[in-house]
Amino acid sequence: IVVRRRDYRPPDWLVPTIDLDFSLDPARTIVRASLSVTRNGGHDRPLRLDGDELTPIEVKVDGRALGPGEWSIEQGALVIPLPGPAHQVETVVELAPEQNSKLMGLYASGGLLCTQCEAEGFRRITFFPDRPDILSRYSVRLEADQARYPILLSNGDPTEQGELPDGRHWAKWIDPFPKPCYLFALVAGDLACNSESFVTMSGRAVKLGIWVKEADLPRTSHAMQALKDSMAWDERVYGREYDLDVFNIVAVADFNFGAMENKGLNIFNSRYILADAETATDADYDGVEGVVAHEYFHNWSGNRVTCRDWFQLSLKEGFTVFRDQNFSADMGSHAVKRIEDVRVLRAAQFQEDSGPLAHPVRPESYMEISNFYTATIYNKGAELIRMIALMLGPDRFRAATDLYFERHDGEAATCEDFIRAMEEGGRIDLTQFRRWYEQAGTPRVRASLTHDPITQSVELVLEQNTPPTPGQPDKAPLAMPLRAALFDRHSGRSSGETLLMLTEEQQRFTFNGFAVAPVLSINRGFSAPVIVETSRSQADLAFLAAHDDDPFARYEAMQQLMVNALVGRVAGQEVDETAVIAAIRDTVNDPHLDSAFIAEAIRLPSEAYIGDQMVQVDPDDIHAARDALQRRVGKELEPLWRDVHARTRANGFSLSAAAKGARKLRNSALIYLVASGAVDGPTVAFSQFDEADNMTERQSALATLANDRSDEREAALDIFYNRYRDDALTLDKWFQTQAFASHPDTVDLVEELAGHPDFTLANPNRVRSLFGAFAGNQWAFHHRSGKGYRLVADCIIALDKLNPQTAARLVPPLGRWRRFDEERAALMRGELQRILSQPGLSKDVTEQVSKSVE
Ligand code: ARG
Ligand code: ZN
C-alpha cells in the first residue's frame with residue numbers, strides 16, 4: 001500500500017477524450033462515461049480504470065455490452081482486457097451524494113451538489129485512470145430537477161441547455177483544454193451570481209461569476225475585487241493571461257480544505273469567499289484575497305502546466321504559494337506580509353520538519369496522498385522558489401518562468417523540469433540547490449563574527465548542519481543565499497547589504513574597513529528557510545531592533561530579544577528585561593514605522609514558538625513566563641497602552657492599509673492594557689467588544705476577555721453567541737475563541753463545547769474551529785491530566801468514520817510527544833495507540849498515527 005516515487009511508469013492507456021453525462025439527484029445520481037482509450041506503447045496489459053466505492057451497472061466496449069466474465073474488479077478498479085490499439089469504453093454507475101460524508105467525489109452541501117477531485121476523488125465519481133499525467137478533453141452534460149438545481153455548472157465554456165419533461169432541465173459544458181481528472185468539477189444548486197467582466201491584456205472579455213446563496217451576495221465584493229486584481233497581476237508580473245470565456249467560483253459550506261482550482265470552475269470553502277465588516281476580521285479579508293489569488297494563479301501554475309505524479313505536488317503548490325504571497329505583498333505591505341508568512345512557516349513547517357512526519361519537498365513515498373498537502377509541500381516549497389528568485393534577480397527569474405511556461409504548456413511536468421527551466425532561462429547552476437528538494441529537516445546555521453582591530457577587518461564564520469529526520473540520518477550541506485549587512489554601532493548605518501552564498505559545511509567571509517566591531521544583521525528578509533544561531537548580546541539585538549533598515553530583520557531582532565528573556569525566565573535565570581521593555585516602547589513611539597509593523601514587532605512570541613526553542617517543552621512554565629512578561633510590559637508601559645488604545649480608535653470602518661494597521665495596533669495595546677492588571681482592563685475590553693463596528697475589533701476584544709475570569713467574559717460570549725448563532729462562519733469564531741483561550745478551564749470547556757447543539761463533526765470548519773484551535777493551544781492541550789489528548793483522540797476516532805481526511809489532519813499535534821516530559825509523552829503515545837487499535841481505521845489516519853507513534 002506504499003506508493004514510491006521511483007516506481008513511476010508512464011500510463012499503459014491514454015484517454016484523449018471523455019464524455020460525461022450526469023443525471024443528478026442527491027439520493028441517486030446516474031453517471032454515464034464514455035472514454036476514448038488508446039494503448040500507450042507496445043504492451044498487452046489490460047485497461048485498468050480506478051474506482052472507489054463504485055459498482056458498474058453497465059460496461060460497454062465499442063458499443064457492445066460486456067458480460068460478467070469480460071471485466072473484473074481489483075481493489076476497486078475496473079479491469080478490462082482490450083485487444084486493439086484504440087477503443088471506446090462506456091460505463092454507468094450510480095452514486096448517492098447525500099451519503100458521501102468524506103467530501104471527496106460528488107457530495108451534497110447545504111442544498112448544493114458539488115465535487116472535489118484532487119487528489120484522488122474522481123475515481124469516486126466514475127471509473128477512470130485517476131492519475132495527473134492523463135490529460136483528456138471533457139464534454140459534460142448535466143441534468144437535474146430545475147426547481148431544486150436551477151444552476152448547472154462545470155468546467156470550460158457553456159454550450160447548450162434545455163428543458164425536459166417532469167420539471168427537469170439540462171446544460172452542456174465543453175472544456176477545450178485537455179486536463180487531468182483531478183481538475184474536473186461540477187456544481188448544481190440554487191445559486192445567485194455576482195457577475196462582472198474582465199478584459200485581458202490581449203483584449204478578450206472574460207465573464208466572471210461568483211456563485212453563492214442569494215443571501216450571501218452582499219458578502220462577495222471583496223472576493224470579486226481580489227479576482228480582478230489577481231488577473232491583472234498575473235498579466236503584469238508573469239505575462240500570464242486567462243484562457244477561457246468564463247471564470248466561475250462557487251462557495252460551499254462543507255469543504256475539507258481552503259479551495260480548489262478546477263479549470264474555469266474554482267470551488268471554495270465559503271470562509272475564503274464571504275466577507276463583510278460585520279462578520280469578517282481583517283485577517284479574514286486577507287485570507288479571501290490570498291486564496292482567491294492562489295486558486296486563480298493555479299490556472300497557469302497547476303492547470304496549463306500540471307504535475308506528472310503526486311510526488312511533484314510542490315511543483316504547483318510551492319510555486320503557487322510563492323506567487324500568491326508576492327501578490328498579497330504587492331496589494332498591501334511587503335514587510336508585514338513577509339513577517340506573517342515566516343510566522344506561519346515556523347509555526348507549521350518547522351514543527352513538521354522536526355517531528356515524525358518530516359518529509360522532503362519532493363517526497364519519496366506515501367500511503368495516502370491527502371496526507372501530503374502539508375506545510376512542507378506548500379510553504380517550504382514556496383521558500384525554495386523564493387531562494388531561486390533571489391539568486392536570479394527579477395529579470396532572469398522572469399525569463400526562466402517564461403521558459404518554464406512555454407516549454408511545458410499542456411504538459412504534466414516534474415520538479416526537475418522546473419529546476420531545469422530555472423537553470424536554462426536564469427543562467428545558473430542549481431546542481432547543489434536540488435538537495436533542498438530531496439532533504440527533509442530545517443538546516444541550522446551558526447553565525448559568528450570576530451573583529452580584528454589591527455587589520456580593521458571582521459571575519460564571519462558560517463556553519464550549517466541539518467539534523468537527522470526519519471529515514472535520512474545523514475544530511476549533506478545545502479546551497480543557501482543569505483542576505484547580510486554589518487552595522488556601525490555609532491552611526492546606526494550599515495555599509496550596504498551583501499548576498500552570501502553558503503554552500504559548504506563551514507565557510508569564512510572577510511570584510512574590511514571596520515575600525516570598531518560592527519553588529520551583524522543576517523538572513524535579512526528571511527532569505528533562506530533556516531534557523532540562524534548567533535551569540536549576539538541583548539544590547540546588539542536592541543540596537544538592530546532600533547536601527548536595522550530591513551524590516552524583517554528588525555522584527556526578528558525584537559523577537560530574539562523577547563525569546564531570550566522568556567527562555568531565561570523558564571530556565572529560572574536572571575535576565576535583564578528592561579531592554580525588552582525599552583525596545584517595545586521605542587518601537588511604539590518610532591514615528592517612521594507604520595502601525596501594522598509596530599503591532600507585529602511588539603507582539604510576544606507565541607507559547608508554541610517559545611517551546612520550539614527548547615529541547616523539552618514545559619507548557620506550564622512557558623505559559624507562566626510569557627504571562628509574567630506580558631503583565632510586566634503591560635504594567636510598566638500602562639499609560640502608553642491607554643494612549644495607543646484611545647488614539648487608534650477609528651471614526652467609521654475602512655479597509656485602507658492605515659485603518660487595518662490601526663486596528664492591529666489597537667489590539668496589541670488592548671492585550672497589554674488588560675495584561676497590566678489595571679482594574680478597568682475588562683471594562684475597556686468589553687466596551688471595545690460592544691461598540692465595535694467591525695469584526696476585527698469585536699473578536700480581538702472577545703479573545704482578550706476569553707483569557708480571564710471576569711463577568712465581562714461570560715457576558716461577551718453570550719452576546720456574541722446570540723448575535724451570530726445563525727451565521728455558521730461567525731459562530732465558528734465563537735468556538736475557536738474559546739478553544740484557543742489561555743484560560744485554566746479551557747480543556748473542560750472544550751469538552752462541554754463538543755457536546756454543544758451547534759457542534760457537528762459533519763462540517764470541517766466547525767471541527768477545525770473547536771479541535772484544530774484547541775490542539776494549537778499549547779498550554780490547554782498539554783494539560784497535565786492528559787484530558788486534552790483524550791479529547792482530540794476521541795474526536796479523531798469518531799471523525800474517521802465520517803471524514804478520514806479531516807480526521808487525519810488532527811493527528812500531528814499528538815505526534816510531538818518526543819518533545820515533552822515522560823508523563824506527557826506516555827499519555828500522548830497512549831492515545832495514539834488507542835487510535836491505532838480501532839477496527840476499520842482509514843488509510844489516512846493509519847498512516848499519520850503509525851508514523852507518529854514509533
Ligand atoms: N489544490 C488545492 C489548493 O491548494 C488543495 C487541494 C487539497 N487536496 C487535498 N486532498 N488535501 O488550492
Ligand atoms: Zn494550491
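Student: Which residues are buried in helix α8 (residues 538-547)?
Tutor: This is a predicted model, in which local features need pLDDT (the predictor's confidence in each residue, from 0 to 100) of at least 70, side-chain atom pairs count only at pLDDT 80 or more, and totals for chains, interfaces and linings use all residues. Residues are numbered from 1 along each chain as its sequence is written, while chains are lettered from A and ligands numbered from 1 in the order in which they are written. A residue counts as buried if 20 or more other C-beta atoms, placed from the backbone, lie within 10 Å of its own. In α8 this applies to Asp540, Leu541, Ala542, Leu544 and Ala545.

Student: Which elements are included in what covers the buried residues of α8?
Tutor: Helices (H or I, at least four residues) and strands (E, at least two) are DSSP runs numbered from the N terminus, and a contact requires C-beta atoms, placed from the backbone, within 7 Å. The cover of the buried residues in α8 includes a strand and two helices, namely β30 (519-522), α9 (551-570) and α10 (578-589).

Student: Why is the protein chain described as being as compact as a globular protein of its length?
Tutor: The chain holds 26 helices and 31 strands. The globule rule, 2.2 Å times the number of residues to the power 0.38, gives 29 Å for 854 residues. The chain counts as being as compact as a globular protein of that length because its radius of gyration, taken over C-alpha atoms, is close to that value, at 28 Å.

Student: Which residue in β15 is the bridge partner of Arg141?
Tutor: Strands pair if DSSP finds at least two bridges between them, and β12 (residues 136-145) pairs with β15 (residues 168-179) in the antiparallel sense over nine bridges. Within β15, the residue bridged to Arg141 is Lys172.

Student: Which residue takes a positive phi in the hairpin of β14 and β15?
Tutor: Strand β14 (residues 157-163) runs antiparallel to β15, joined to it by six bridges, and Glu163 stands opposite His169. Four residues lie between the two strands of this hairpin, and the positive phi, near 60°, belongs to Asp166.

Student: Which elements give two or more residues to the shell around ligand 1?
Tutor: The residues around ligand 1, with C-beta atoms, placed from the backbone, within 6 Å of it, include Ala259, Met260, His294 and Glu295. The elements that give two or more residues to this shell are β20 (259-260) and α2 (282-297).

Notes
A residue is buried if 20 or more other C-beta atoms lie within 10 Å of its own, exposed if 12 or fewer, and partly exposed in between; C-beta atoms are placed from the backbone.
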